[in-house]
Amino acid sequence: MRVVQFTDCHLFAQKDKTGYSNINPYKSLGQCLQLASQFQPDLLLCTGDISGDHSAASYRHFLKRLREYVPTIETRVIAGNHDLTHHFDTIMCEHVLCAGAPARLGNWCIHGLDTRHKGAQGKVDEDELLRVEHAIKTRPDAYHLLALHHHPVASNSWMDTHNLINATSFLNWLSTQPISAVVHGHTHTACENTYQHHTILGAPSTCWQWAMTPEFGASSHSAGFRIIDLPDNGRWHSQIRRIS
């Protein structure tokens with residue numbers, strides 16, 4: 001089975017509006033989806049920050065892009081800090097990957113957490129962890145992948161001021177769970193970290209990319225996404241693809 005992880009689309013109500021690095025997020029999302037469709041994913045997983053301006057129109061643009069480029073592929077989303085709006089909760093409700101109700105792909109369960117808190121910072125809710133833990137226990141024969149928006153391991157950059165405030169508690173919980181890998185967004189960069197026996201993967205944004213430097217900045221990398229292959233033997237494999 002194949003999952004394509006998209007993240008940090010930052011769409012605006014105005015489709016022709018550009019953001020950092022003079023990138024038009026509506027256009028670059030379309031380019032990413034067009035490229036991703038060539039890899040024939042079984043599931044699209046968006047790990048937050050669909051909107052860049054909290055507008056209802058931005059979420060409608062997201063759904064329109066899905067209909068244009070990947071109309072037959074199941075899409076699941078989790079919220080990012082920019083999705084702290086009722087528009088996400090109402091317009092995206094049919095696609096939300098809720099804690100305790102994982103998506104199933106072959107012998108895999110894909111779990112989601114909502115880390116919205118205050119401003120750009122995130123927090124993992126203990127009740128959501130309990131729901132995920134219960135869902136894992138009901139499928140002891142399955143392999144498990146967990147998605148959240150905020151990065152749980154420090155990036156050693158300016159992005160760590162936009163952190164997961166209870167990351168230590170989350171990592172302590174993670175260490176007790178049979179989760180094969182964790183994927184996140186938020187940092188707008190492809191990265192890989194480990195915590196004990198767990199792999200933690202970040203993905204590039206579908207628009208502008210952040211520089212992992214002490215001071216705020218954007219990098220010259222192009223927009224992209226992460227491909228995660230999930231065979232039934234549990235030996236997952238991942239790769240990054242970017243638009244030209």
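Helices and strands here are DSSP runs, numbered from the N terminus. The model is a predicted one.

**Stop 1: N24, ahead of helix 1**

Select N24. This residue sits in the loop between strand 1 and helix 1. Buried or exposed? N24 counts as buried, because its relative accessibility is 18% and the cut-off for buried is under 20%. Show its side chain and look for two polar contacts. One goes to the backbone oxygen of K15, at 3.0 Å. The other goes to the backbone nitrogen of Y26, at 2.9 Å. In the second case it is a side-chain oxygen of N24 that makes the approach, at the start of helix 1. Now add K15, D16, K17 and T18: N24 is in contact with these once its neighbours within four places in sequence are set aside.

**Stop 2: helix 1**

Move on to residues 25–37, which form helix 1. The helix has 13 residues. From first C-alpha to last it reaches 18 Å, close to the 18 Å expected at 1.5 Å a residue. Colour its buried residues: P25, Y26, S28, L29, G30, C32, L33, L35 and A36. What do they pack against? Two helix 1 neighbours to display are strand 1 (2–6) and strand 2 (43–47). Then add helix 2 (56–69), strand 12 (224–229) and strand 13 (237–242), against which these buried residues also pack.

**Stop 3: the largest nonpolar core**

Select F6, F62, M92 and F225. Within the largest nonpolar core, which has 29 residues, these four touch the most other members. Strand 1, helix 1, strand 2, helix 2 and strand 12 each supply at least two residues of this core. Which element gives the largest share? Helix 1 does, with 6 residues.

Centre on M92. Leaving out neighbours within four places in sequence, M92 is in contact with I50, Y59, F62, L63, V77 and H87. Then look for another core. A second, separate one has 17 residues, among them L113, V124, W173 and I200.

**Stop 4: G52**

Go to the loop between strand 2 and helix 2, where G52 is found. G52 counts as partly exposed because its relative accessible area is 22%. Residues up to four places away in sequence aside, G52 touches H10, L11, F12 and H82. Now select T206 as well. G52 and T206 are 154 residues apart along the chain, and their C-alpha atoms are separated by 12 Å.

**Stop 5: the six-stranded sheet**

Show the open sheet of 6 strands. Its order is 4-5-8-9-11-10, and its pairing is mixed. Strand 4 (103–105) and strand 10 stand at the edges; each has a single partner strand, so one side of each is left without a neighbour in the sheet. From one strand to the next, the twist averages 25°.

Start at the strand 10 edge. Strand 10 and strand 11 run antiparallel and are joined by 5 bridges. Pick E192: it stands opposite L201 in strand 11.

Next, strand 8. Of its 5 residues, 4 are buried, so strand 8 is largely enclosed by the rest of the structure. Strand 5 and strand 8 run parallel, with 5 bridges between them. Here I110 stands opposite L145 in strand 8. Strand 8 also runs parallel to strand 9, through 3 bridges. What is the bridge partner of L145 in strand 9? The partner is A181.

**Stop 6: helices on the sheet**

Add helix 4 (residues 126–138). Helix 4 packs on the sheet and touches strand 5 (108–112) and strand 8 (143–147). The direction of helix 4 makes about 170° with that of strand 5.

Then add helix 5 (residues 167–174). Helix 5 lies across strand 8, strand 9 (181–184), strand 10 and strand 11. Against strand 11, helix 5 runs at about 135°.

**Stop 7: two positive phi values**

Most residues other than glycine have a negative phi. Two residues to check are Q40 and Q196.

Q40 is in the loop between helix 1 and strand 2. Its phi is near 50°, a positive value. Q40 counts as exposed because its relative accessibility is 66%.

Finish at Q196, in the loop between strand 10 (191–195) and strand 11 (198–202). Phi of Q196 is near 55°, again a positive value. With a relative accessibility of 56%, Q196 counts as exposed.

Technical notes. Residues numbered from 1 in each chain as written. Predicted model: local features only at pLDDT ≥ 70, side-chain atom pairs only at ≥ 80, totals over all residues. Heavy atoms only, no water. Expected span 1.5 Å × (residues − 1). Buried < 20%, exposed > 50% of the residue type's maximum accessible area, 1.4 Å probe, protein only. Contact = heavy atoms within 4.5 Å. Polar contact = N/O pair within 3.5 Å; in protein donor to acceptor, adjacent residues only side chain to side chain. Core = buried A, V, L, I, M, F, W, Y, C linked by side-chain atoms within 4.5 Å. Pairing = 2+ DSSP bridges. Axes fitted to C-alpha atoms, helices over the stretch in contact; angles between N-to-C directions.
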